[in-house]
Amino acid sequence: MNKKFPFDPSIKHHLIITISLAIWIFVFLYFTEPFDVNVFSDSEKLIYLPLYGVLGAICYVLFLPVQHFLYLKNNKNWFVKTEILFFFLFIFIGIIATRLFYLYVIVPGEPFPHDLSYQLKTIILPVFATILPIILFGRFAFGKYKNKKTEAQKIEIKGQGNYEGLRLYLNDVICIQSSDNYIEVFYILGDDLKKSLIRNKLSIITAEFPQLLRTHRSFLINPHHFVQWKTENSKLFTLLSHHIEVPVSRTYQNKVKLVLNSTTE
């Protein structure tokens, strides 16, 4: 449950999912005609069935602020348990919204409307059975695409003044250590470990590259290279690839543990 789930926070991509959801609900209802849809005339179908699609889209959009809150609360991580929570909430609100829409828009004032159990069996559950895999696939695909772009992202660690900078793939960076007015970048070139000394401040690099994790006032690490924990003389360390050992100060311990434990689960 605490395993990371591929997730893309881009509003643009979630709006694409929203539009696809609305269209699919309309198409499903129009061609399968569940729940007395066949009693509608062709003109009524084109009025009411798109509204069901809009209703589904609204239910999805309403959760985007909640989704954003959960994403930030988890330090810009998204987990399998969070994705399951999202779908449970979406289904719950979807059932309520569909029921209210039926009672107050489709059959307002009808003395004997279909009960909720009949509506669940004939329209709501069949619709959810078809749209949930599509939503899940869309969210997963956009998340994997974002992760792939991040892994292939080249970054430039600039030096101050005329000092030479360093351009390399993000996931080739193992860690960065502060050294007076310089930073020492540990990175992979081919299969070899390399180090470059650049005149810059660790605070600037921290702000510029939020993908890197602050573990100590003098260290930034790339969670991608985390191997295991180490405790020595009551002090906590992270062991990274290429046998690099980085201290974790008490100030950053909670956040570091949260991020790194979720990365390895």
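Two strands count as paired if DSSP finds at least two bridges between them, and the strands themselves are DSSP runs (E, at least two residues; helices are H or I, at least four), numbered from the N terminus. Keep that in mind, as I'll lean on it a lot today.

Quick housekeeping, then. This is a predicted model, where local features need pLDDT of at least 70 and side-chain atom pairs count only at pLDDT 80 or more, while totals for chains, interfaces and linings use all residues. Residues are numbered from 1 along each chain as its sequence is written, and side-chain values use heavy atoms, with hydrogens and water left out.

OK, the small sheet. It has 3 strands, it's open, the order is E8-E9-E10, and the pairing is antiparallel. Strand E8 (226–232) and strand E10 (244–248) sit at the edges with a single partner strand each, so one side of each has no neighbour in the sheet. From one strand to the next the twist averages 30 degrees; the axes there are lines fitted to C-alpha atoms (for helices, over the stretch in contact), with angles from 0 to 180 degrees between N-to-C directions.

Now E9, residues 235–240. E9 is joined to E10 by 5 bridges, antiparallel, and E8 and E9 pair antiparallel over 6 bridges. So who faces whom? On the E10 side, Thr238 is opposite Val246, and Phe237 is opposite Pro247. On the E8 side, Gln228 has Leu239 of E9 as its bridge partner. As a general reminder, side chains in a regular strand alternate between the two faces of the sheet.

How covered is E9? Mostly: 5 of its 6 residues are buried. Buried means under 20% relative accessible area, exposed means over 50%, and partly exposed is in between, using a 1.4 Å probe and protein chains only.

The turns are fun too. The hairpin of E8 and E9 has 2 residues between the strands, and Asn233 there takes a positive phi near 55 degrees. Ser234 is in that loop between E8 and E9 as well; Ser234 isn't a glycine, yet its phi is positive, about 65 degrees. Ser234 counts as exposed, because its relative accessibility is 66%.

Moving along, E9 and E10 make a hairpin with 3 residues between them. His242 is in the loop between E9 and E10, and again we have a residue other than glycine with a positive phi, near 60 degrees. His242 comes out as partly exposed, at 33% relative accessibility.

Next, the other sheet. Here 5 strands form an open, antiparallel sheet in the order E5-E4-E3-E7-E6. Its edges are strand E5 (192–199) and strand E6 (213–216), each with a single partner strand, so one side of each is left without a neighbour in the sheet. Neighbouring strands are turned by 25 degrees against each other on average, direction ignored. If you want one pair to look at, take strand E3 (residues 173–179) and strand E7 (residues 219–221), antiparallel over 3 bridges, with Ile176 standing opposite Leu220 in E7.

Right, over to the helices, and a hole. How many cavities of 30 Å³ or more are there? The count comes to 1. A cavity here is a set of points on a 1 Å grid over the protein atoms alone where a 1.4 Å probe fits but cannot get out, and lining residues have an atom within 4 Å of a point. Grid points are joined across faces, edges and corners, and the volume is the space filled by probe spheres set on the points.

The largest cavity is about 170 Å³. It is lined by 14 residues, and closest to its centre are Ile25, Gly94, Thr98, Val127 and Phe128. Helix H1 (11–32), helix H2 (42–62), helix H4 (80–106) and helix H5 (116–151) each supply at least two lining residues, and H5 gives the most, with 5. What is the lining made of? It's 11 nonpolar, 3 polar and no charged residues. For that split, Ala, Val, Leu, Ile, Met, Phe, Trp, Tyr, Cys and Pro are nonpolar, Asp, Glu, Lys and Arg are charged, and the others, Gly among them, are polar.

Last stop: His14, in helix H1. His14 is buried, because its relative accessible area is 2%. The side chains of His14 and Gln67 are joined by a polar contact of 3.1 Å. A polar contact is a pair of N or O atoms within 3.5 Å; within protein, one must be able to donate a hydrogen and the other to accept it, and residues adjacent in sequence count only if both atoms are side-chain atoms.

Conventions. On a 1 Å grid over the protein atoms alone, a cavity is a set of points where a 1.4 Å probe fits but cannot get out, and a pocket is an open set with protein on both sides within 12 Å along at least five of seven lines; lining residues have an atom within 4 Å of a point.
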